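Biologist: Please give me a close look at one part of this model, a small sheet and the aromatic residues associated with it. Then set beside it whatever other local detail can be supported, with the criterion behind each term.

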Amino acid sequence: MKVVSTFHHSSAVTCSAKCKFAPNNREYLVVGKPNRLELYSLQPKGLHLESTLDVWSHVITIRPVVFSNPTETKLLLLTDHPFPKLILLSCILSKEGVPTLQEDDWRSLHEVGAQVSEELTDVIVNDDSSVVVSICYARRLRVILLDDHKFGESHDVPITEPRLLSVAFINGSKNVDTVTLAILYTNHENRPHLASKDLNITTSELSPSPSVYIPTTLLPSTMSPDFGIPPSLAPLESSTGKTSGVLIIGNSQMLLFDVRKPSKKDMKRSADGMDEGEDDLEAKQRTAKRRKSRSVVDWPWGEISAWCRVDKHKFLVGDVMGRLAMLVYSPPSGLTLLPLGETSPASTFTYLTSQVVYVGSYLADSLLITLHHTPWRNSDRPTLETPLDVVVVPIDQLTRPVTQEGVVVDAKGDYVEVLEEYPNLAPVEDAVLVDLTGSGQSQVVTCSGEGYSGSIKLVGHGASLREAMSAHVTDAISVFPIRPTYCGKTDTHIVVSTPRETHLFRVDEDEGRLWYMDPITVGGLITNQPTLALSNVMKRSPGKPGASAYGDSSFVVQATPVGVSVQEMDPELGTMSFNGSIILEENPQWKGKRIVAASINASQVVIALDGGVITSLTLCDPGRLEIRQQKTFDDEISCLSCLPVDPSKPFTLQVVVGFWGSNRVQILSVTDNSNPFKLICSSEPYSSVPRSVLLHNFGTSNERGQPDYRPHLMAGLADGTVVSQAYDSSEYQLRPPNISTLGGAAVHLTSYEVDGRRCVFACGKIGEVYYWNNTRLQRSPISLKDATWASTFRTRRGTPCLLLCSPTQLTFGRITHTNQVSIRSIPTGRDVPKTIVHIETAQVFAVGYVRRHGIRSTEQSFGVLRLLDQNSFESFFEMTCDPAEHINAMHALTLSNATYLCVGTVVMDPHDLEPTKGRLMVFKVNTDEGRPSLHRVSSTPVRGCVYAIVSKKGTLALAVNSAVKIFRLVEVKEGDSPLHVELVTEWDYSYVLQCMAASGDTLIIGDVVRSVALLDIDWNEGKLERKARDHQDLGPYRLAASGDKGIIGSNLCRTLFSFQYNGSTTLEEDGVFGLHQLVSKFIPGSLSREGEGGTLLPTHLFCTNSGHIGIISELDPSVSLDLTLLQSNMNDQLMGLGGTTLNSYRSVIGRKKRPAAGFLDGDFLERFLTLDPGTREKIVQGANPAEHLKLSERSIDQILEDFQRIH
């Protein structure tokens, strides 16, 4: 049994809409993604995500439904075939006061046996929100009346126009029972037309003859959808609110047609009807002919992909390459096109307010932009490069009347400023899984983007660090913040220690820099020694018997290898004066010793001396240090901590100590001076010596016995390991350890607070944040390197900030969102990455790009090959392919200690029915000259497109069109080339082999017409023999090996499937799952560290064209039946939007509908953890005794927590 879970939700944007919702009457932006809706509130600082709503279908579009009372606005959601639905949504406030979308009503649009509409699936609403028209099937409309803010009567209305491209309401009729539709369509000759029809909402009948408002008009052939994206209609309003014209926004041209004002005769005919002869005569007068438009303007760039209305006569228009322009109609003049700048290729625009626009993109990052009235930068450059064959008008000549032909303005400068970016992985063309830090925490590196917005994305799991300020230092090993007084809310200075000395800096938050303070002016601070510990402390004075009083003070305690000193800080000058000290050389029993470790809290100092000596000191009034306890251990002390478990207390009763030799950590009591450092409990020996320890409470309660009191012993080891053990303070025992690794460097631990949550930050070769969530200790990696120390710095605002120290830099930053997907983007612009390979031996990525030259998207493109540094992504090698030649597949292999890169290409010729030209190029990866480079050693022509390359033992298998070709790489010692490539075998399969994978001596091939087959391959001889195949019409699109005898794949119907080879000639299908997304890549491996999954074993990642990253895991057989029953019981209790059940959603639609099998939905199962107790009880009990779960709720929770660990 396999489990499918989500690591990163689909990030492509399909639609968006601005709404004003009750009950708070605020404005919101609703963003539609392929399988979810996101609700953003409009804030002064930008958009704020309030909530999300899962949709168990594909989101087509959303439309606001504005009733007479604007606060009663609702949202109309249209979902896709094969079972389209119309869902009415409203906004409510949850119990926590969070705005949330909820379902009010829904209506199924599915019709058995009806022909699906080829070009148009849409829904429109008239101005008074009384009539809804949906278009899902050919030659029919679904008309639904809205009654009392819910769906009322609905009727199917036949329509004679065969191929609809766009439909819009025309606001002109005074008859309350009639609405008019503007219709854009193509006829049986594929010629585009514009027409209008009257719809009687009482009888739900569409007039057989055209309406008087727009006579049937033959349009230019450029409006045909065969020339690109289908055009759409945009009605223009007059000052009276009536429709004055209809704008046709095509993929390369925009036309404006007037809407006729009906005569009295027209109105009478509309109200009373006419006899048959008169009707025929009028119909003949309105027959289709080419009529002159009021105005026309050409779009000089790529295909138009999105538009939105700014006001009655202004529209924003964008194309597939990311060009943005303003289309303006100024009656009675024509159309004016004003270039504004470049954005992401838009799939939707939404005008929000005050020149601020949301740009939703399917192909690149979505944006929040502002439009300036004048250029805000680059005022001497063209706003958009315009083709030479397009006539442009200088902007200073726009005062002249615009002609019927319209004008394109020759603008200068950028009018578009990006306010915020919203990362989008889509479309993912290729991806690899890499561990760039050696910590065991992998990242997915994707080839993303399209148009002029290509990018490489690094996707990982972890917390995000928002850097506020940084400064360069030299040889720093530790850093300590200090403030004028202990109770002060702002740290003003930092002390930086090197291996030999100590430095004091003043922090200037206004200028974002550090000011070095000369040792002469510092005063009492010891600067000629390294600092082991330093902290502000409180003033302690005797109180009642057995108790002490603590108050604010300006004392600072510093521990160095030679002693402990007390300074008093001057709040005004920021200098220190010496107050007292304990110097080892002055104490006979400590003479010749040095302090090796130290820890300071508000009133106590604990130091460790060489020889295993530990001493506790207390600060007494007026700033004197007194020795309280001392003890000598057999082992040398490596680290210690006296920070209290309860951070609100100024003292601790327990000290944590780590030892050399035994590699143990002990918790010691300091309550009894007669029995100093009494052992409470001890850990088992660790794998390496402890270098940093903490006794930390991750819960919100500070008292033992409270429900959220969660003390843990945390130990950072010298080998980069972090050990966490729950501490039972009532039993004085440590629970079994949990172990993670941060690389090979010693780990330092510090307490930190993230979003009000008590955390521990660990830094080694990489960083991690440990926190308590969902009844367990969790951790989130954070992207940083070489940090050796971390401290908490209090900013001027009083918020905690993390102060990171590396040998050469100090970084101030805030950690946010401990459990999130982190995305790093490397923009590549017009070079759109298509395929990627990680070459570990050279520590580089090889990336194949598509580069487009020219202004229009139809102009020729070619491939580019680059080598990128795996850390900086700096490019230091580039090779360009021949014109029209694209890189389609790459593969790296090692042969006799040399690394080679194999590149498969295809020559794109629009006149070919299938590719006829391509190449196999082999490059040697050179690392001898410092920076890696590529040297081409072979170029072999192939007849077709190279879809895939796999290898073993120096033998290559290529999928080229419908053939498998076997090439052998032979190293030669003589000649110009060190490698000879020879064709050994060619095996034709008759169908195009778009995907191929290898497992041992077996090739797995998939053709887009039929299904999956296995081939036995002799890698030495290059022989192929068919082994087994599946006989379904499956149409596989991507494949991967699963175990020794398994196959996992996806097809063009957006279905996951799996097969097992059982020795027969027919493959056994053992799983299908309706994913509803097109998988572009399967990657063997896991993002989680080994052993984190518990009952789950992650085996593959997959990426989709909508930016989704999923995880496929093998489930422990001992719990597979129980979880299958759990999912079944949850299916009976939990319903999706529109009455959709999980079983229906995950079913596979082919020639017949089949339920999912062999796969479980991990996301759906994890919802069990968030359900209320009553629903959980119903699910566990089931509807009858046969459905009763044997597992307890606690056992189920533990299993599902394993699910959460892997993502």
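Modeller: The account below begins with the basis of the model, turns to the sheet you asked about, and then moves to other parts of the chain.

The model is predicted, so local features need pLDDT of at least 70 and side-chain atom pairs count only at pLDDT 80 or more, whereas totals for chains, interfaces and linings use all residues. Residues are numbered from 1 along each chain as its sequence is written, and side-chain values use heavy atoms, with hydrogens and water left out.

The sheet in question is open and has four strands, ordered S27-S28-S29-S34, with antiparallel pairing. Strands (E, at least two residues) and helices (H or I, at least four) are DSSP runs numbered from the N terminus, and two strands pair if DSSP finds at least two bridges between them. At the edges lie S27 (348–353) and S34 (416–422), each of which pairs on one side only. From one strand to the next the twist averages 25°; the axes are lines fitted to C-alpha atoms, for helices over the stretch in contact, and angles run from 0 to 180 degrees between N-to-C directions. S27 and S28 (residues 356–360) run antiparallel and are joined by five bridges. Opposite Thr 348 stands Gly 360 in S28.

The edge strand S34 also takes part in an aromatic contact. Tyr 422, in S34, ties to Tyr 40, in strand S4 (residues 36–43), so the pair brings together parts that are 382 residues apart in sequence. The arrangement of Tyr 40 and Tyr 422 is edge-to-face, at 6.3 Å centre to centre and 65° between the planes. Rings of Phe, Tyr and Trp (its six-membered ring) pair if their centres lie within 6.5 Å; planes under 30 degrees apart count as stacked, over 60 as edge-to-face and the rest as tilted. Tyr 40 and Tyr 422 are both buried, a term that means under 20% relative accessible area, with exposed over 50% and partly exposed in between (1.4 Å probe, protein chains only). Tyr 358 joins Tyr 40 and Tyr 422 in one aromatic cluster.

Another aromatic pair offers a useful comparison. The ring centres of Tyr 550 and Phe 651 are 6.3 Å apart and the planes lie at 25°, so this pair is stacked. Tyr 550 belongs to strand S44 (residues 548–551), while Phe 651 is in the loop between strand S52 (637–641) and strand S53 (654–659), 101 residues apart. Tyr 550 counts as partly exposed because its relative accessibility is 29%, and Phe 651 is partly exposed with a relative accessible area of 29%. Over the whole structure, the search finds 17 aromatic pairs.

Charged side chains also meet rings. Lys 85 lies over the face of Trp 106, 5.0 Å from the ring centre, and Arg 483 is placed over the face of Tyr 486 at 5.3 Å from the ring centre. The criterion is that NZ of Lys or CZ of Arg is within 6 Å of the ring centre and within 35 degrees of the ring normal.

Strand S50 (residues 613–620) is largely enclosed by the rest of the structure, because eight of its eight residues are buried. One side carries Val 613, Thr 615, Leu 617 and Leu 619, the other Ile 614, Ser 616, Thr 618 and Cys 620, and both faces are covered. Strand S49 (residues 604–609) runs antiparallel to S50, joined by six bridges, and Leu 609 has Val 613 as its bridge partner. Three residues lie between the strands of this hairpin, where Gly 611 takes a positive phi near 95°. S50 also pairs with strand S51 (residues 624–632) in the antiparallel sense, over eight bridges, with Thr 618 opposite Glu 626.

The last element is helix H7 (residues 1173–1181), whose buried residues are Thr 1175, Arg 1176, Ile 1179 and Val 1180. These buried residues cover an arc of only 135° around the axis, which puts them on the same side of H7; the arc is that of the directions from the helix axis to the C-beta atoms. Turned away from that buried side is a face of H7 carrying the exposed residues Pro 1173 and Lys 1178.
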